[in-house]
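Me: I am new to this structure and would like to understand how its descriptive labels are earned. Could you take me through the reasoning step by step?

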Amino acid sequence: MSQVNVEILKTIIALAHVDGAVDEREARLIDFLIDSYGLSPEEEQSVRSQSGTSLDLDRLAAVVTEPKDRARAYEVACLLAGMDDDESSSESALLEKLRPTLDLKAADAWTIEARAKKILAAFKARQAEEAK
């Protein structure tokens, strides 16, 4: 497991907590991502310890340096922010801070946000179908 993935996961956990409440859907996404990243027990503990703490943007920028990783970090953050159907002002503010931290150009950020919205729409449509 790379430190990049650990920092990305810490970012989404901080984002989930920034509005004061972690929605069940946000928690499921976090658990899914932690499982899919194949963390060691020590890495999982490090990631989960982020719960309730603020995000270290300087550390994120220092560790997540590759453009593809920065885009992935922002996309996952956008997915999490939209997961509970209520992107709070605090979540929006944190996404605003992430853009320059991750050195994303406005057009790139817009493209990533649009892709995340499409993924969320497809995910929610699938959930609705499965609920029938």
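**How the labels are earned**

Me: What makes Ser36 partly exposed?

Reply: In this predicted model, Ser36 has a relative accessible area of 45%. Buried requires under 20% and exposed requires over 50%, so a residue with 45% falls in between and Ser36 is called partly exposed. Ser36 is placed in helix H2, and its side chain reaches the backbone oxygen of Leu33 at 3.1 Å.

Me: Why is Asn5 called buried?

Reply: The relative accessibility of Asn5 is 16%, and because the cut-off for buried is under 20%, Asn5 meets it. Asn5 lies in helix H1 and, leaving out residues up to four places away in sequence, touches Tyr37 and Arg72.

Me: How do you know that Asp103 counts as exposed?

Reply: Asp103 has a relative accessibility of 61%, and exposed means over 50%, so Asp103 counts as exposed. Asp103 is found in the loop between H6 and H7, and its phi is near 55 degrees, a positive value in a residue other than glycine.

Me: Which residues touch the most other members of the largest nonpolar core?

Reply: That core has 39 residues, and Leu9, Tyr74, Leu95 and Leu98 touch the most other members. Among the elements that give two or more residues to this core are helix H1 (3-17), helix H5 (67-83) and helix H6 (89-101). Setting aside neighbours within four places in sequence, the contacts of Tyr74 include Leu95, Leu98, Leu102 and Ile112. In soluble globular proteins, nonpolar side chains tend to be buried together.

Key:
Residues numbered from 1 in each chain as written. Predicted model: local features only at pLDDT ≥ 70, side-chain atom pairs only at ≥ 80, totals over all residues. Heavy atoms only, no water. Core = buried A, V, L, I, M, F, W, Y, C linked by side-chain atoms within 4.5 Å. Buried < 20%, exposed > 50% of the residue type's maximum accessible area, 1.4 Å probe, protein only. Helix = DSSP H or I, 4+ residues; strand = E, 2+ residues; numbered from the N terminus. Contact = heavy atoms within 4.5 Å. Polar contact = N/O pair within 3.5 Å; in protein donor to acceptor, adjacent residues only side chain to side chain.
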